[in-house]
Amino acid sequence: MNVENIAYACLTRFVENGEGSREALHWVDTDLSEQIYSFEYFDRESSRVAAILKQLGIVPGDTVSIFIPRSPILISAFFGVQKAMGISCILFGTLGEEGLLDRLSNSNAKIVITRKSLLRKITAIKDKLPALQQILTIDHDDHQSDSVLSLRKLMTETDPIFDYPRWVDAETPAFLQYTSGSTGKPKGALHVHGALGDMRQSFRDIMQLEADDLYWCTADPAWITGIVYGILAPFGTGARQVQYSGTYNADNWLKTLETLKVNIWYTAPTALRMLMQEDENKFTQHDFSSLKRMYSVGEPLNPEIYHWGRKVFKVEIYDTWWQSETGSMMIGNHPPMTVKPGSMGKPRAGVEAFICNDDMQLQPDGKQGLLCLRKGWGSMFRTYFHNEAAYSDKFKNSIYITGDLAYRDEEGYFWYVSRADDVINTAGHLVGPFEVESALLEIEEIVDVAVIGADDPLLHKRIIAFVKLRNDQTWSKELELKCRIYVSNKVSTTAIPAEFHVIDSVPKNQSGKILRRVLKAIYEGKDPGDTSTME
Ligand code: PRX
């Protein structure tokens, strides 16, 4: 089956329909200066990027990694890769060397688009990336060397004309989204051009924007929410949207909501919890009367934040549940549903969600178990890139096992319980304990380590590291700092443990698997339960 190329559906189509000058993005910088970009602007700029990529040897199916912070040029680069029929992979600037190396090597990135301040991270690992042919920087005026070229300069020298296939096979790879598992390296969920249909439909069904509504998704485009509901769905449906350049900033966020008269706001529980810590007067100083609805994703929207948000913003808050792998919202709340505070809502039209036990038997309402989805929705990930085994592990026959524990009530509402695996959801970011443990084990003072997540009032979970020191070593502030910097440089700043605890030995079972539940129980002061399989 053929579908519109993502870049055609999101950009060129508007230009061809005579709607190119329509507002696609209202950009707000950290100094609150504003800039409006049209569909035509992104169509033009992405054509320049595509032409440059082709000139540099990118052919269909090649990966181009985009390692820059959220910005209009990131959007042009993403669509440029789509026009060149490449696979785009947007990465967080917070990634450390090892985290970056894992993703760039697994994705076989041929070109990385980056900026001056992040260049050092790539040059440090370049020798380990045989597929990497070129680095393009967005903020150098001139080329730095044969392998580090200035994208900015190339853009000024390139015509905004690029002929690309408007129609592509629905299964054509479009982008990769890396996500962490409980074991092994991060996995790249591969999404295809055919996924856009579900992304648009879910956006319409759940967000329900009316003509002229202004929409704001606060998620970073390196996160699945930022790419799907910050770029693809709003562009693909021709929505008016605002984006704020920086990360969380209470004053600027509240001013943006008020002055731009945002109508529909998609954000995350951690952001709401951070806002909840601000002085209450901040909220009464602003007029949020343009706001119609708020939506949330990424972590449980606890009743406490839900009620606080409703009180302060005076609108309903609709929680939504989905994953990097699902490509679009699977379960959610939306008008005219009655929201049950704390529930993720109901599967959206066309999605079949249910609860199974470990033997994949359907569980009755009220009984907790594995949250599963019937395989086959359009935006489903097509594989984990170069890791077919991990992909197969997520399925039992035609059932996708999400990795979350949940239950369904008699009225069909789903309730999140926890992850079914060891992945730690800290401030909405999934961190694999294995990645943090591997990094800490490289520190000479440490001989063994185990990492778990513990409940946190702000972050949902915070990362706790248990370390066993070499015999001649003692724990010190300096060693703690060394560990923190090491994890940040190696893995990512989001993976830095909040606490370190020294232990005599890491509890493991007879086959050497870390018994995280025992550590969790010890940490929480509870009974560790059955320890008969311990080494
Ligand atoms: O554990 C669930 C949690 O985030 C996981 C997916 O993370 P990621 O692939 O990074 O995508 C996040 C944004 C789509 C899920 O397996 N999660 C997501 N939404 C919710 C949630 N946990 C509780 N409630 C939610 N609404």
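An oxygen atom of the ligand lies 2.9 Å from an N or O atom in the side chain of D404. Let's work outwards from there, with two notes before we start. The model is predicted, so local features need pLDDT of at least 70 and side-chain atom pairs count only at pLDDT 80 or more, while totals for chains, interfaces and linings use all residues. Residues are numbered from 1 along each chain as its sequence is written, and side-chain values use heavy atoms, with hydrogens and water left out.

**Exercise 1. The ligand and its shell**

Task: Find which residues are closest to the ligand, and work out which element supplies the largest share of the shell around the ligand.

Solution:
- Step 1. Count the neighbours: 19 residues surround the ligand, and the closest are T320, Q323, S324, D404 and R419. (A residue counts as near if one of its heavy atoms lies within 4 Å.)
- Step 2. Look at the polar atoms. Besides D404, S324 has a side-chain N or O atom 2.7 Å from an oxygen atom of the ligand. For Q323, a polar side-chain atom lies 2.8 Å from a ligand oxygen.
- Step 3. Check the cover: alone, the ligand exposes 550 Å², and the protein buries 99% of that. (Accessible areas come from the Shrake-Rupley method with a 1.4 Å probe; for residues, only the protein chains shown count as cover.)
- Step 4. Trace the shell to its elements. At least two shell residues come from each of α8 (224-236), β16 (316-321) and β24 (414-419), and β16 gives the largest share, three residues. (Helices, H or I with at least four residues, and strands, E with at least two, are DSSP runs numbered from the N terminus.)
- Step 5. Sort the shell by character: nine residues are nonpolar, six polar and four charged. (Ala, Val, Leu, Ile, Met, Phe, Trp, Tyr, Cys and Pro count as nonpolar, Asp, Glu, Lys and Arg as charged, and the others, Gly among them, as polar.)

**Exercise 2. The sheet of eight strands**

Task: Follow the strand order of the open sheet of eight strands, and say which strands stand at the edges.

Solution:
- Step 1. Write down the order: β8-β7-β6-β4-β5-β10-β11-β21, with mixed pairing. (Two strands pair if DSSP finds at least two bridges between them.)
- Step 2. Mark the ends. β8 (148-150) and β21 (383-384) each have a single partner strand, so one side of each lacks a neighbour in the sheet.
- Step 3. Step inwards from β8. Strand β7 (residues 134-137) runs parallel to β8, joined by three bridges; L136 has L149 of β8 as its bridge partner.
- Step 4. Continue to β6. Four bridges link β6 and β7 in parallel, with V112 opposite I135 in β7.
- Step 5. Cross to the other neighbour: strand β4 (residues 63-66) also pairs with β6 in the parallel sense, over four bridges, and T63 has A109 of β6 as its bridge partner.
- Step 6. Judge the surroundings of β6 (residues 109-114): six of its six residues are buried, so the strand is largely enclosed by the rest of the structure. (Buried means under 20% relative accessible area, exposed over 50%, partly exposed in between, with a 1.4 Å probe and protein chains only.)

**Exercise 3. The sheet of nine strands**

Task: Repeat the edge search for the open sheet of nine strands.

Solution:
- Step 1. The order is β3-β2-β13-β12-β14-β15-β16-β17-β18, again with mixed pairing.
- Step 2. At the edges are β3 (34-38) and β18 (346-347); each has a single partner strand, so one side of each is left without a neighbour in the sheet.
- Step 3. Inside the sheet, strand β12 (residues 214-217) is joined to strand β14 (residues 264-267) by three bridges, and the two run parallel. C217 has Y266 of β14 as its bridge partner.

**Exercise 4. Buried or partly exposed?**

Task: Decide whether T270 is buried or exposed, then do the same for H429.

Solution:
- Step 1. T270 lies in helix α10 (residues 269-276) and is buried, with a relative accessible area of 6%.
- Step 2. The T270 side chain makes a polar contact of 2.8 Å with the side chain of E299. (That is a pair of N or O atoms within 3.5 Å; within protein, one must be able to donate a hydrogen and the other to accept it, and residues adjacent in sequence count only if both atoms are side-chain atoms.)
- Step 3. H429 is in strand β26 (residues 429-431) and is partly exposed, at 22%.
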